[in-house]
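User: I'd like to practise reading a helix and a sheet from a model. Can you walk me through it?

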Amino acid sequence: MAKDVNVIIDIERPTPKVGFGKPLILGSSVTGAPYKTYADLEGVKADYPESTEEYKAAKALLSQGDDSPAEIAIMCRKTDQLISDVLPEVFNHDWYFLIATTTDIDEVGDIAEAVEQNNSRQFFTRSSDLMNVGVLAGTDHSRSTVLYHKDITNYPEAAWVGRAGSAEVGSLTWKFKGLTGIAPMQISDTELLAIHAAGANTYVTKAGKSQTSEGKTLSGEYIDIIHAKDYVKFSIEYGVQTLLNNAPKISFDDTGIAQIEGVVRTVLQRAFNQGIIAADKDGQALYGTNFKGRAEVDPADRAQRKYNGGEFWFELAGAIHETTIRGQIRL
């Protein structure tokens, strides 16, 4: 897609139902099927009978009550078509979370690699084989997430996307989420540690509540951080592109530069309001911008009408996943 605005965000780590993400189900059939959106299971059933894998994945997505996405998409490759051959077409469509009916380790690996290279979407898959999970984790992909479960026939990863993917970005963590239609795993603490060490998440019971055990991608990055990063990047690109499109012109002077900076600050303030950006002890948002004035810009860039002097930063709010609390008994 052609664009005039490019936003680059690096994650700087410290030393020692308006969502952002339509789900796409990628299936397979003898004839294949083009990309199509659906608002409910009845619509899905008209094209995919209840016995199909595509319907099962859609059911998991759309059975999460009020948290379910407003719409999903499905497309199918031909069964004699390599998954690597269809992936370029897949990325031409509107979606953010990808769910595939295949669990073949080579095909899953191809999808994960393509999503990583694209650098703007996330892939969720399921596995009942920790060895396969370990192979995938060895690739260190930050945009692919595995939900490990002994029963993967009812698409637990799709249920997870259905439960959390359509929430306002920044409003939740992917850990602690209850999934409708998914039975919790009955496992020991040692087994849970092994699942997490392999790079996967699972579904367990804690304090009497069934919930996802973690919220991490294969690389160990948190899912909500990737989601937030993509949301901020897209929002700034879209906002600045809209400004350029709608104004008669944005002058290459301090006034025009301030207009661009204003769009960026508006996005960052919205990200703060949604819970993406942290607050300091006084409740003030921890973000900032630094846009060079016209006089500070290289004359060669001005001659080419390219402004490259804008920077911004923010501190992620993150989430608390574990806590240790100490107490005393006084006599």
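Analyst: Sure, and keep in mind that this is a predicted model. Let's begin with what lies over helix α9: the cover on its buried residues includes α8 (223-246), β9 (287-291) and β10 (310-314).

User: Which residues of α9 are buried?

Analyst: Those are G256, I257, I260, V263, V264, V267, L268, A271 and Q274.

User: Why do they end up on the same side of α9?

Analyst: The general idea first: an α-helix has 3.6 residues a turn, so residues three or four places apart point the same way. In this case the buried set covers an arc of only 125° around the axis, which puts these residues on the same side of α9. T255 and N273, on the other side, are exposed.

User: What happens at the two ends of α9?

Analyst: At the start, a side-chain oxygen of D253 comes to within 3.1 Å of the backbone nitrogen of T255. After the helix comes G275, with a positive phi near 100°.

User: Now the sheet. What is the strand order?

Analyst: Read across, it goes β2-β3-β1-β4-β5-β6, an open sheet of 6 strands with mixed pairing. β2 (33-38) and β6 (144-148) each have a single partner strand, so one side of each is left without a neighbour in the sheet. On average, neighbouring strands are turned by 25° against each other, direction ignored.

User: Which helix packs on the sheet and touches β3?

Analyst: That's α4 (residues 105-118), which also touches β4 (97-100), β5 (122-127) and β6. Its direction makes about 160° with that of β5. Helix α6 (residues 156-164) lies across β1, β4, β5 and β6, at about 140° to β5.

Key:
Residues are numbered from 1 along each chain as its sequence is written. This is a predicted model: local features need pLDDT of at least 70, side-chain atom pairs count only at pLDDT 80 or more; totals for chains, interfaces and linings use all residues. Side-chain values use heavy atoms; hydrogens and water are left out. Two strands pair if DSSP finds at least two bridges between them. Helices (H or I, at least four residues) and strands (E, at least two) are DSSP runs, numbered from the N terminus. Axes are lines fitted to C-alpha atoms, for helices over the stretch in contact, and angles run from 0 to 180 degrees between N-to-C directions. Contact means heavy atoms within 4.5 Å. Buried means under 20% relative accessible area, exposed over 50%, partly exposed in between (1.4 Å probe, protein chains only). The arc is that of the directions from the helix axis to the C-beta atoms. A polar contact is a pair of N or O atoms within 3.5 Å; within protein, one must be able to donate a hydrogen and the other to accept it, and residues adjacent in sequence count only if both atoms are side-chain atoms.
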